[in-house]
Amino acid sequence: MGETPKTRLIITVDGPAGSGKTTTAKEIAARLGYRHLDSGALYRALTYALLKAGIRKSDWPRLTSDDLSGLGVRAEASVGVVDLYLGGALLGDELRTPEVTRDVAAVAKLRVVRIWLLDIQRNLGLHGSLVADGRDMGSVVFPDADLKVFLVASLEERARRRLLQDTGLHPTESEVVAEAARIHARDAIDSARELSPLRCPEGALEIDTTKLEFEEQVLAILTRVIDLTE
Ligand code: C5P
(Lines give C-alpha, C1' and ligand atoms only; values in the text may rest on other atoms or scores of the structure.)
Protein backbone atom coordinates (compact mmCIF):
# COMPACT_ATOMS: atom_id res chain seq x y z
CA MET A 1 0.00 0.00 0.00
CA GLY A 2 1.32 3.49 -0.86
CA GLU A 3 1.74 6.33 1.61
CA THR A 4 -1.28 8.43 2.61
CA PRO A 5 -1.37 11.56 0.44
CA LYS A 6 -0.56 14.76 2.31
CA THR A 7 -2.65 17.88 2.38
CA ARG A 8 -2.09 21.42 3.70
CA LEU A 9 1.64 21.16 3.11
CA ILE A 10 4.42 23.35 4.41
CA ILE A 11 6.78 24.14 1.55
CA THR A 12 10.03 26.02 2.12
CA VAL A 13 11.98 27.91 -0.55
CA ASP A 14 15.44 29.05 0.52
CA GLY A 15 18.36 30.50 -1.40
CA PRO A 16 20.76 33.43 -1.73
CA ALA A 17 19.74 37.03 -2.50
CA GLY A 18 18.15 37.50 -5.88
CA SER A 19 17.68 33.79 -6.60
CA GLY A 20 13.96 34.34 -7.23
CA LYS A 21 12.75 32.78 -3.99
CA THR A 22 10.04 35.30 -3.27
CA THR A 23 8.49 35.46 -6.74
CA THR A 24 8.62 31.68 -7.01
CA ALA A 25 7.18 31.06 -3.54
CA LYS A 26 4.41 33.60 -4.16
CA GLU A 27 3.45 31.92 -7.43
CA ILE A 28 3.46 28.41 -5.93
CA ALA A 29 1.28 29.64 -3.05
CA ALA A 30 -1.17 31.31 -5.45
CA ARG A 31 -1.51 28.19 -7.59
CA LEU A 32 -2.09 25.95 -4.58
CA GLY A 33 -4.37 28.39 -2.74
CA TYR A 34 -1.84 28.50 0.11
CA ARG A 35 -0.53 31.47 2.09
CA HIS A 36 2.87 32.96 1.24
CA LEU A 37 5.35 34.04 3.91
CA ASP A 38 8.23 36.26 2.75
CA SER A 39 10.44 35.90 5.82
CA GLY A 40 12.98 38.39 4.43
CA ALA A 41 10.27 41.03 4.76
CA LEU A 42 10.11 40.36 8.51
CA TYR A 43 13.83 41.08 8.87
CA ARG A 44 13.41 44.12 6.64
CA ALA A 45 10.48 45.38 8.74
CA LEU A 46 12.57 45.27 11.92
CA THR A 47 15.45 47.01 10.10
CA TYR A 48 13.12 49.71 8.81
CA ALA A 49 11.64 50.21 12.28
CA LEU A 50 15.11 50.49 13.87
CA LEU A 51 16.22 53.05 11.29
CA LYS A 52 12.97 55.00 11.63
CA ALA A 53 13.24 55.03 15.42
CA GLY A 54 16.74 56.50 15.04
CA ILE A 55 18.39 53.72 17.05
CA ARG A 56 22.08 53.88 16.24
CA LYS A 57 23.65 50.91 14.50
CA SER A 58 26.32 50.68 17.18
CA ASP A 59 23.51 50.02 19.72
CA TRP A 60 21.88 47.20 17.77
CA PRO A 61 24.00 44.41 19.31
CA ARG A 62 22.60 45.39 22.74
CA LEU A 63 18.91 45.24 21.75
CA THR A 64 16.61 43.17 23.96
CA SER A 65 13.41 41.37 23.00
CA ASP A 66 11.47 44.09 24.87
CA ASP A 67 13.16 46.69 22.67
CA LEU A 68 12.06 44.73 19.60
CA SER A 69 8.49 44.40 20.88
CA GLY A 70 8.49 48.15 21.56
CA LEU A 71 9.20 48.93 17.91
CA GLY A 72 5.59 48.07 17.01
CA VAL A 73 6.22 45.62 14.14
CA ARG A 74 3.35 43.15 13.67
CA ALA A 75 2.69 40.28 11.24
CA GLU A 76 -0.92 39.51 10.41
CA ALA A 77 -2.09 36.50 8.40
CA SER A 78 -4.43 37.58 5.64
CA VAL A 79 -5.87 35.91 2.52
CA GLY A 80 -2.90 34.38 0.69
CA VAL A 81 -0.36 36.72 2.29
CA VAL A 82 1.16 37.85 5.55
CA ASP A 83 0.73 41.60 6.03
CA LEU A 84 3.34 43.52 8.00
CA TYR A 85 2.54 46.62 10.00
CA LEU A 86 4.52 49.23 11.84
CA GLY A 87 2.05 50.59 14.35
CA GLY A 88 -1.12 51.02 12.28
CA ALA A 89 0.68 51.44 8.93
CA LEU A 90 0.82 48.62 6.41
CA LEU A 91 4.41 48.21 5.19
CA GLY A 92 5.26 47.87 1.51
CA ASP A 93 7.84 49.66 -0.63
CA GLU A 94 9.62 51.15 2.39
CA LEU A 95 11.00 47.65 3.06
CA ARG A 96 12.96 47.69 -0.20
CA THR A 97 14.88 50.98 0.08
CA PRO A 98 18.69 50.86 -0.40
CA GLU A 99 19.14 51.80 3.30
CA VAL A 100 17.06 48.84 4.52
CA THR A 101 18.75 46.49 2.03
CA ARG A 102 22.18 47.73 3.16
CA ASP A 103 21.53 47.11 6.87
CA VAL A 104 19.19 44.11 6.96
CA ALA A 105 21.92 41.44 7.10
CA ALA A 106 23.41 43.15 10.18
CA VAL A 107 20.01 42.96 11.90
CA ALA A 108 19.39 39.37 10.78
CA LYS A 109 22.56 38.09 12.41
CA LEU A 110 21.50 39.21 15.91
CA ARG A 111 20.46 36.30 18.13
CA VAL A 112 17.68 38.31 19.81
CA VAL A 113 16.17 39.13 16.43
CA ARG A 114 16.18 35.52 15.21
CA ILE A 115 14.60 34.28 18.45
CA TRP A 116 12.00 37.06 18.44
CA LEU A 117 10.95 36.17 14.91
CA LEU A 118 10.95 32.39 15.35
CA ASP A 119 7.57 32.04 17.10
CA ILE A 120 5.95 34.54 14.77
CA GLN A 121 7.04 32.48 11.76
CA ARG A 122 6.14 29.11 13.28
CA ASN A 123 2.68 30.35 14.30
CA LEU A 124 2.04 31.30 10.70
CA GLY A 125 2.68 27.67 9.75
CA LEU A 126 0.56 26.07 12.48
CA HIS A 127 -2.25 25.06 10.13
CA GLY A 128 -0.04 24.19 7.15
CA SER A 129 -0.93 25.38 3.63
CA LEU A 130 2.09 27.68 3.69
CA VAL A 131 4.90 28.46 1.25
CA ALA A 132 7.66 30.19 3.20
CA ASP A 133 10.75 31.70 1.59
CA GLY A 134 13.99 32.92 3.12
CA ARG A 135 17.39 31.66 4.20
CA ASP A 136 16.61 29.24 7.04
CA MET A 137 13.00 28.19 6.38
CA GLY A 138 13.88 24.53 5.70
CA SER A 139 16.87 24.30 8.03
CA VAL A 140 15.63 26.02 11.21
CA VAL A 141 12.11 27.46 11.14
CA PHE A 142 10.28 24.54 9.51
CA PRO A 143 12.70 21.59 9.78
CA ASP A 144 9.78 19.13 9.28
CA ALA A 145 8.50 20.85 6.13
CA ASP A 146 6.86 18.51 3.62
CA LEU A 147 8.91 19.88 0.73
CA LYS A 148 12.14 21.88 0.88
CA VAL A 149 13.43 23.74 -2.14
CA PHE A 150 16.77 25.51 -2.54
CA LEU A 151 17.10 27.92 -5.45
CA VAL A 152 20.47 28.98 -6.85
CA ALA A 153 21.53 31.08 -9.85
CA SER A 154 24.79 32.66 -11.00
CA LEU A 155 25.74 35.89 -9.22
CA GLU A 156 25.59 37.87 -12.46
CA GLU A 157 22.14 36.56 -13.35
CA ARG A 158 20.85 37.32 -9.85
CA ALA A 159 22.17 40.89 -10.09
CA ARG A 160 20.59 41.34 -13.51
CA ARG A 161 17.19 40.05 -12.35
CA ARG A 162 17.24 42.13 -9.18
CA LEU A 163 17.92 45.36 -11.15
CA LEU A 164 15.27 44.55 -13.74
CA GLN A 165 12.77 43.83 -10.96
CA ASP A 166 13.59 47.03 -9.06
CA THR A 167 13.75 49.46 -12.00
CA GLY A 168 11.81 47.76 -14.79
CA LEU A 169 14.78 48.57 -17.08
CA HIS A 170 17.48 46.34 -18.55
CA PRO A 171 20.67 47.23 -16.62
CA THR A 172 24.02 48.19 -18.14
CA GLU A 173 27.07 45.98 -17.53
CA SER A 174 28.52 48.41 -14.98
CA GLU A 175 25.22 48.46 -13.06
CA VAL A 176 25.25 44.65 -13.04
CA VAL A 177 28.82 44.61 -11.69
CA ALA A 178 27.94 47.07 -8.88
CA GLU A 179 24.76 45.18 -7.93
CA ALA A 180 26.63 41.84 -7.99
CA ALA A 181 29.11 43.27 -5.48
CA ARG A 182 26.27 44.34 -3.13
CA ILE A 183 24.54 40.96 -3.42
CA HIS A 184 27.82 39.13 -2.87
CA ALA A 185 28.51 41.17 0.30
CA ARG A 186 25.04 40.37 1.73
CA ASP A 187 25.38 36.66 0.84
CA ALA A 188 28.77 36.60 2.57
CA ILE A 189 27.27 37.91 5.84
CA ASP A 190 24.24 35.58 5.56
CA SER A 191 26.43 32.51 4.87
CA ALA A 192 29.14 33.21 7.45
CA ARG A 193 26.95 34.15 10.42
CA GLU A 194 26.89 31.87 13.44
CA LEU A 195 23.08 31.57 13.68
CA SER A 196 20.96 30.02 10.95
CA PRO A 197 23.47 30.60 8.17
CA LEU A 198 22.32 30.33 4.58
CA ARG A 199 22.61 26.61 3.71
CA CYS A 200 20.93 24.15 1.40
CA PRO A 201 18.77 22.15 3.84
CA GLU A 202 19.26 18.40 3.91
CA GLY A 203 16.99 16.60 1.48
CA ALA A 204 16.08 19.80 -0.40
CA LEU A 205 15.24 19.89 -4.08
CA GLU A 206 18.03 22.11 -5.44
CA ILE A 207 17.20 24.02 -8.62
CA ASP A 208 19.69 26.14 -10.57
CA THR A 209 17.49 28.75 -12.23
CA THR A 210 20.25 30.54 -14.19
CA LYS A 211 19.04 29.21 -17.52
CA LEU A 212 15.46 28.34 -16.61
CA GLU A 213 12.33 30.18 -17.56
CA PHE A 214 10.22 31.16 -14.55
CA GLU A 215 7.46 28.73 -15.56
CA GLU A 216 9.96 25.85 -15.73
CA GLN A 217 11.09 26.34 -12.13
CA VAL A 218 7.50 26.69 -10.94
CA LEU A 219 6.54 23.46 -12.69
CA ALA A 220 9.58 21.62 -11.27
CA ILE A 221 8.31 22.43 -7.77
CA LEU A 222 4.63 21.79 -8.50
CA THR A 223 5.51 18.35 -9.91
CA ARG A 224 7.01 17.44 -6.54
CA VAL A 225 3.96 18.80 -4.76
CA ILE A 226 1.69 16.62 -6.90
CA ASP A 227 3.83 13.55 -6.06
CA LEU A 228 3.23 14.27 -2.36
CA THR A 229 -0.45 15.06 -2.55
CA GLU A 230 -1.71 12.33 -4.89
O1 C5P B 1 14.94 37.75 1.08
P2 C5P B 1 15.47 39.15 1.30
O3 C5P B 1 16.60 39.49 0.39
O4 C5P B 1 14.40 40.17 1.34
O5 C5P B 1 16.07 39.08 2.78
C6 C5P B 1 16.68 40.20 3.37
C7 C5P B 1 17.69 39.74 4.42
O8 C5P B 1 16.99 39.19 5.53
C9 C5P B 1 18.70 38.69 4.00
O10 C5P B 1 19.83 39.23 3.35
C11 C5P B 1 19.07 38.06 5.32
O12 C5P B 1 20.05 38.82 5.98
C13 C5P B 1 17.77 38.17 6.13
N14 C5P B 1 17.02 36.92 6.15
C15 C5P B 1 17.40 35.96 7.05
N16 C5P B 1 16.67 34.83 7.18
C17 C5P B 1 15.58 34.64 6.45
C18 C5P B 1 15.17 35.61 5.50
C19 C5P B 1 15.92 36.75 5.36
O20 C5P B 1 18.42 36.10 7.72
N21 C5P B 1 14.86 33.53 6.61
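**Exercise 1. Arg114**

Does Arg114 count as buried or exposed, and at what relative accessibility? Determine its class, then place the residue in its element and list its contacts.

*Solution.* The structure is a predicted model.

Step 1. Arg114 has a relative accessibility of 8%. Buried means under 20% relative accessible area, and Arg114 therefore counts as buried.

Step 2. The residue belongs to helix H5.

Step 3. With neighbours within four places in sequence set aside, Arg114 is in contact with Tyr43, Ala108, Asp136, Arg193, Leu195 and Ser196.

**Exercise 2. The parallel sheet**

Establish the strand order of the sheet that contains E1, identify its edges, and trace the pairing across it.

*Solution.*

Step 1. The sheet is open and consists of 5 strands in the order E2-E6-E1-E7-E8, with parallel pairing.

Step 2. Strand E2 (35-38) and strand E8 (205-208) are the edge strands, each pairing on one side only.

Step 3. From one strand to the next, the twist averages 20 degrees.

Step 4. Starting from the E2 edge, E2 and E6 run parallel and are joined by 4 bridges. Within this pair, His36 has Val131 of E6 as its bridge partner, and Leu37 has Ala132 of E6.

Step 5. E6 (residues 130-134) then pairs with E1 in the parallel sense over 5 bridges.

Step 6. On to E7 (residues 147-152), E1 is joined by 4 bridges, again in parallel.

Step 7. Val13 shows both pairings of E1: its bridge partner in E6 is Asp133, and in E7 it stands opposite Val149.

**Exercise 3. Burial of E1 and E6**

Determine how far strands E1 and E6 are covered, and on which faces.

*Solution.*

Step 1. For E1 (residues 10-14), 5 of its 5 residues are buried, and the strand is mostly covered.

Step 2. Its residues separate by direction: Ile10, Thr12 and Asp14 point one way, Ile11 and Val13 point the other way, and all are buried.

Step 3. For E6, 5 of the 5 residues are buried, so this strand is largely enclosed by the rest of the structure.

Step 4. Both faces of E6 are covered, with Leu130, Ala132 and Gly134 buried on one side and Val131 and Asp133 buried on the other.

**Exercise 4. The antiparallel sheet and helix H2**

Describe the sheet that contains E4, and locate H2 relative to both sheets.

*Solution.*

Step 1. This open sheet has 3 strands in the order E3-E4-E5, and the pairing is antiparallel.

Step 2. Strand E3 (73-77) and strand E5 (89-90) each have a single partner strand, so one side of each lacks a neighbour in the sheet.

Step 3. E4 and E5 are joined by 2 bridges and run antiparallel; the bridge partner of Leu86 in E5 is Ala89.

Step 4. H2 packs on this sheet, where it touches E3 and E4, and its direction makes about 10 degrees with that of E4.

Step 5. H2 also lies across E2 and E6, running at about 45 degrees to E2.

**Exercise 5. The nonpolar cores**

Identify the largest nonpolar core, the elements that contribute to it, and a second core.

*Solution.*

Step 1. The largest nonpolar core has 35 residues, and those with the most contacts inside it are Leu46, Leu84, Val113 and Phe142.

Step 2. Two or more residues each are given to this core by helix H2 (39-52), strand E4 (82-86), helix H4 (98-108), helix H5 (111-124), E6 and helix H6 (137-141).

Step 3. H2 provides the largest share, 8 residues.

Step 4. Apart from residues up to four places away in sequence, Val113 touches Tyr43, Leu46, Leu68 and Val107.

Step 5. A second, separate core has 17 residues, including Ile11, Ile28, Leu147 and Ile221.

**Exercise 6. Helices H7 and H8**

Characterise the geometry and composition of the contact of H7 with H8.

*Solution.*

Step 1. The axes of H7 (residues 155-167) and H8 (residues 173-192) come within 8 Å and cross at roughly 110 degrees.

Step 2. An angle of 65 to 115 degrees counts as roughly perpendicular, and H7 is therefore roughly perpendicular to H8.

Step 3. H7 contributes Leu155, Glu156, Arg158, Ala159, Arg160, Arg162 and Leu163 to the contact, while H8 contributes Glu173, Glu175, Val176, Glu179, Ala180, Ile183, His184, Arg186 and Asp187.

Step 4. By class, the residues of this contact divide into 6 nonpolar, 1 polar and 9 charged.

Note on methods: Residues numbered from 1 in each chain as written. Predicted model: local features only at pLDDT ≥ 70, side-chain atom pairs only at ≥ 80, totals over all residues. Heavy atoms only, no water. Buried < 20%, exposed > 50% of the residue type's maximum accessible area, 1.4 Å probe, protein only. Pairing = 2+ DSSP bridges. Axes fitted to C-alpha atoms, helices over the stretch in contact; angles between N-to-C directions. Parallel < 35°, antiparallel > 145°, perpendicular 65-115°, else oblique. Contact = heavy atoms within 4.5 Å. Nonpolar A, V, L, I, M, F, W, Y, C, P; charged D, E, K, R; others polar. Core = buried A, V, L, I, M, F, W, Y, C linked by side-chain atoms within 4.5 Å.
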